[in-house]
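Trainee: Could you take a close look at one part of this model with me? I would like a connected account rather than a list.
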Amino acid sequence: MSSLLETIARVRKEVCELHAELTRYQLVVWTAGNVSGRIPGHDLMVIKPSGVSYDDLTPELMVVTDLYGTPVRGINTGSGGTVDWGNPNLSPSSDTAAHAYVYRNMPEVGGVVHTHSTYATAWAARGEAIPCVLTMMGDEFGGPIPVGPFALIGDDSIGQGIVETLRNSNSPAVLMQNHGPFTIGKSAREAVKAAVMCEEVARTVHVSRQLGEPLPIDQAKIESLFDRYQNVYGR
């Protein structure tokens, strides 16, 4: 019991602190965007509350839900009592159903991030994948950043599109058409890094196209870059 409570407290703190990275790298405005993290070993996740300013976020305000997006306000101690950790006045992010669907269907994923970062969202508005024309992209994404289908918010349709698009892709990022980027990672921190890098390459490739047609990278070289970065570099 104490181990689970300690894990929940740790993930809530990490998810809370990672939202500061979204503002630091100017990936969000107002309260749009969110970070979530899986509770390892349990069918639970932690996500940002809906409508709360980034400046006001604290670990205690992070909402714990099951993997269907239903808030879990506490846990039965087995002796007739419960340990509460949730704020009953807060609702989870409106994107919770999408995050939860990803966790249910991609067990290797430990973190999900959604932003409306300017350049990546501009590519999403065009419904255009970001071509792999930078070695950085080969390293981080192993190819182009793909486009996912148009889907309305409110149920797990967005999550279905994320999973369908990324399940057979090296990329940890998807541009949901007319919506914006979603990123995944083995941890919430890795998902945040993918969001930062997604916006960086979206901006750089956009600028490159203003100067002319970017030069493609041979697929074999992309695969070599990805393999080295993921399996050798920094390991």
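In which loop is the place of Gln 26? Please carry on from there to the largest pocket.

Mentor: Happy to, and keep in mind that this is a predicted model. Gln 26 sits in the loop that runs between helix H1 (2-24) and strand S1 (34-39). The backbone there deserves a look, as the phi of Gln 26 is near 55°, a positive value in a residue that is not glycine. Gln 26 has a relative accessible area of 68%, and because exposed means over 50%, Gln 26 counts as exposed.

Asn 178 makes a good companion. Its phi is also positive, at about 60°, although Asn 178 is not a glycine. This residue belongs to the loop between strand S8 (173-176) and strand S9 (180-185). With a relative accessible area of 46%, Asn 178 is partly exposed.

Strand S9 takes us on to the largest pocket, since S9 is one of the elements that each supply at least two residues of its lining; the others are helix H4 (135-141), helix H6 (188-211) and helix H7 (219-231). Helix H6 gives the most, with 4 residues. The space in this pocket comes to about 690 Å³. Its lining is made up of 24 residues, and those that lie nearest the centre are Pro 172, Gly 185, Lys 186, Glu 190 and Gln 230. Sorted by class, the lining has 11 nonpolar, 6 polar and 7 charged residues.

Definitions and conventions
Residues numbered from 1 in each chain as written. Predicted model: local features only at pLDDT ≥ 70, side-chain atom pairs only at ≥ 80, totals over all residues. Heavy atoms only, no water. Buried < 20%, exposed > 50% of the residue type's maximum accessible area, 1.4 Å probe, protein only. 1 Å grid on protein atoms, 1.4 Å probe; cavity = no way out; pocket = protein on both sides within 12 Å on 5 of 7 lines; lining within 4 Å. Points joined across faces, edges and corners; volume = space filled by probe spheres on them. Nonpolar A, V, L, I, M, F, W, Y, C, P; charged D, E, K, R; others polar.
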